[in-house]
Amino acid sequence: MPKHGKRYNKIVAEFDRNLAYAVKDAVAMVKKTATAKFDETIELIANLGIDPKKADQQVRGTVSLPHGTGKTVRVAVFAEGELAKEAEEAGADVVGSEDLADRIQKGFLDFDLAIAAPDMMRHVGKLGKILGPRGMMPNPKTGTVTKDIGQAVQAFKAGRIEYRADKAGGVHVPFGKASFPEENLFENFRTIMIALNRAKPASAKGTYLKSIFVASTMGPAVRIDTADIREVAR
């Protein structure tokens, strides 16, 4: 068992870890107990009733949060010509084509998200082993392979995020900072849950939302009542 400090143990004493709380109560609790010396990230953790090994039960997509994540997103764009210029004007942090691919192969990873024009995938394809494990490989399903480069850059900079189920059917998504007002955190949470509900694979059987938690960077996870989620995420 991992050992926790006095601060963590004090936080745990604030609530009953065996209970499932209403969404607003859970958000308020996590915000209240996020007392680290930095602005902690608030994250949603979902355990889905899917079989990720099956191609027709993949859960992956993007959603635009109404209040953003509170994080400055560094965007790398693979584009040339007018699309490269469009990316720069939209606020991309680094823009290139084959030269950018070469930099990444040599260890450059000073970005959080990669977007590519369709004709650039001939250069991006060789980066699969580097970007794939980090969840940064451009993909048409998430809007990161697109001809609408400027629009995509602006959207991700403004708060569009990607969600993706891992090999165990888990989804981990940041949806704000401890400094956010409770209502903003609630609205961001609700937006993600609506997207996850809509992304439910038709072939998934049984309980889809097996368990949902919210947690801050340094705090324990608070379980949410799935019945309440069904009410708020309609």
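A salt bridge is counted here when a side-chain nitrogen of Lys or Arg lies within 4 Å of a carboxyl oxygen of Asp or Glu, and the structure holds 6 salt bridges by that criterion. The model is predicted, so that local features need pLDDT of at least 70 and side-chain atom pairs count only at pLDDT 80 or more, whereas totals for chains, interfaces and linings use all residues. Residues are numbered from 1 along each chain as its sequence is written, and side-chain values use heavy atoms, with hydrogens and water left out.

Helices (H or I, at least four residues) and strands (E, at least two) are DSSP runs, numbered from the N terminus. Relative accessible area sorts residues into buried (under 20%), exposed (over 50%) and partly exposed (in between), with a 1.4 Å probe and protein chains only.

**Salt bridges between distant parts of the chain**

Side chains of opposite charge can pair when their charged atoms come close. Three of the pairs are listed with their N to O distances.

| Acidic residue | Basic residue | N to O distance |
|---|---|---|
| Asp112 | Lys71 | 3.7 Å |
| Asp110 | Arg74 | 2.5 Å |
| Asp93 | Lys157 | 2.6 Å |

The side chains of Asp112 and Lys71 meet in a salt bridge, and this pair links the loop between helix 4 (98-105) and strand 5 (113-116), where Asp112 lies, to the loop between strand 2 (60-64) and strand 3, where Lys71 lies, 41 residues apart. Asp110 and Arg74 are likewise paired, with Asp110 in the loop between helix 4 and strand 5 and Arg74 in the loop between strand 2 and strand 3, 36 residues apart. Asp112 counts as partly exposed at 23% relative accessibility, as do Asp110 at 43% and Arg74 at 32%.

For the salt bridge of Asp93 with Lys157, Asp93 lies in the loop between helix 3 and strand 4 and Lys157 in helix 7, so the pair ties together parts that are 64 residues apart in sequence. Asp93, at 43% relative accessibility, counts as partly exposed, and so does Lys157, at 28%. Salt bridges that share partners join Lys71, Arg74, Asp110 and Asp112 into one network.

**The two sides of helix 3**

In helix 3 (residues 81-90), Ala84, Ala87 and Ala90 are buried. They lie on the same side of helix 3 because they cover an arc of only 125 degrees around the axis, the arc being that of the directions from the helix axis to the C-beta atoms. On the other side of helix 3, Gly81, Glu82, Glu88 and Glu89 are exposed. Just after helix 3, Gly91 takes a positive phi of about 105 degrees.
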